[in-house]
Amino acid sequence: MFFPEYRPRRMRMNENLRRMVRETRLSVDNLIYPLFVTEGEGVKSEISSMPGNYRLSIDDLVREVAEAQSLGIPAVILFGIPDEKKKDEIGSEAWNPDGIVQRAIRAIKKEVKDVIVITDVCIDEFTTHGHCGLVKGDEILNDPTLELLAKIALSHAQAGADMVAPSDMMDGRVRAIRETLDDDGFQNTPIMAYSVKYASGYYGPFREACDSAPRFGDRRSYQMDPANSREGLREANLDIEEGADIIMVKPALAYLDIIYMLKQEYDYPIAAYNVSGEYSMIKAGAKLGWIDGDRVMMETLLSIKRAGADMILTYFAKEAAKILGR
């Protein structure tokens, strides 16, 4: 029997050989940990569809961030859940200097050293209608929303945020935020733009966590059609031209081709959001005994890194960090 001169199995025969030729390396340095902060004290309320993730009051949030930092996780991203009574049509609580996110930033910065605090910039969680832009009738208004998003980003930077991340998908919002930050002396605050964000069915558990589902209609008039890929290049290019420092793809798993395409096209840091539905499916499969949860978790994160992501926002951050740190 004849074989080719190259036998790929030669380099798979033991773990040391496999390590030596490994092409993609996942590191704790690549992880960003999403966290939900809510009003109250001593609150640690598990999200039913996202086991192991919680709505946290600021005191418990600080402890969670400290634990993440001790595991080597370099950054967290905050999502605020305001008091229901403080929601209004324009989401004004989102830029309140004493709002839930602003107080959380200050508390983390006071108690936890050497962790990057990123903040989600959007109004959906703070409005009575649940949309990411101002509403007139059934229309989501683009341009009038930009000023509000810039006010939110500025309030976060003033509270001490290290980076802001607009997730709304309004046209022109990166430029509006960049100009506002620069004009107010925050030239060194980076923007991680949700540049290629799809109108996805994978967001369900997140919307339960934040109570941020739209009260009417859907988000297809501003989030991208899952059928489109070339449009993602145009979206990313716009955000880069407007001043984005990092471009993000969301969700990750169904859009690995988009991550790869952006990595080939742009010499910019790429983030990918391993979203709530992706997390919950793995947790559910593991609970039912259908899959090895840890193995599938790590394979999933590795696939996102292999596609070209430099950083991964993931609810698995602590679990993955413990495995990577062994």
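1. K87 lies in the loop that runs between strand 4 (75–81) and helix 3 (100–111). This is a predicted model, and in it K87 has a relative accessible area of 9%, so this loop lysine is buried, the cut-off being under 20%. Apart from neighbours within four places in sequence, K87 is in contact with P82, E125, F126, T127, T128, D211 and R215.

2. R207 belongs to helix 6 (residues 204–210). Not counting residues up to four places away in sequence, R207 touches S212, A213, P214, R219 and Q223. W290 is 83 residues from R207 along the chain, and the C-alpha atoms of the two are separated by 26 Å.

3. Next, the charged pairs. Side chains of opposite charge can pair when their charged atoms come close. The count of salt bridges in the model comes to 18. One of them joins the side chains of E64 and K318, with 2.9 Å from N to O. This pair links distant parts of the chain, since E64 sits in helix 2 (residues 58–70) and K318 in helix 11 (residues 317–324), 254 residues apart. Which side of the burial cut-off does E64 fall on, buried or exposed? E64 is buried, because its relative accessibility is 9% and the limit for burial is under 20%. K318 is also buried, at a relative accessible area of 16%.

4. A second salt bridge is formed by D168 and R173, whose closest N and O atoms are 3.4 Å apart. D168 has 0% relative accessibility and therefore counts as buried. R173 is buried as well, with a relative accessible area of 2%.

5. R220 and D218 form another salt bridge, the closest N and O atoms being 3.5 Å apart. Here R220 is exposed, because its relative accessible area is 64% and the cut-off for exposure is over 50%. D218, at 41% relative accessibility, counts as partly exposed. Elsewhere, E15, R18 and R22 are joined into one network by salt bridges that share partners.

6. Strand 8 (residues 163–166) is covered on both faces. In a regular strand the side chains alternate between the two faces of the sheet. On one side of strand 8 are M163 and A165, on the other V164 and P166, and all of these are buried. What is the sense of the pairing between strand 5 (residues 116–121) and strand 8? The two strands pair in the parallel sense, over 4 bridges. V121 stands opposite P166 of strand 8.

7. Last, the nonpolar interior. In soluble globular proteins, nonpolar side chains tend to be buried together. The largest nonpolar core of this model has 107 residues, and F36 and M192 are those with the most contacts inside it. Helix 4 (residues 143–159) gives the most to this core, contributing 8 residues. M192 also ties back to the strand in point 6: leaving aside neighbours within four places in sequence, its contacts include M163, V164, A165 and P166. Other contacts of M192 are I32, I77, I118, I246, M248, A271, M311 and L313.

Methods
Residues numbered from 1 in each chain as written. Predicted model: local features only at pLDDT ≥ 70, side-chain atom pairs only at ≥ 80, totals over all residues. Heavy atoms only, no water. Salt bridge = Lys/Arg side-chain N within 4 Å of Asp/Glu carboxyl O. Buried < 20%, exposed > 50% of the residue type's maximum accessible area, 1.4 Å probe, protein only. Pairing = 2+ DSSP bridges. Core = buried A, V, L, I, M, F, W, Y, C linked by side-chain atoms within 4.5 Å. Contact = heavy atoms within 4.5 Å.
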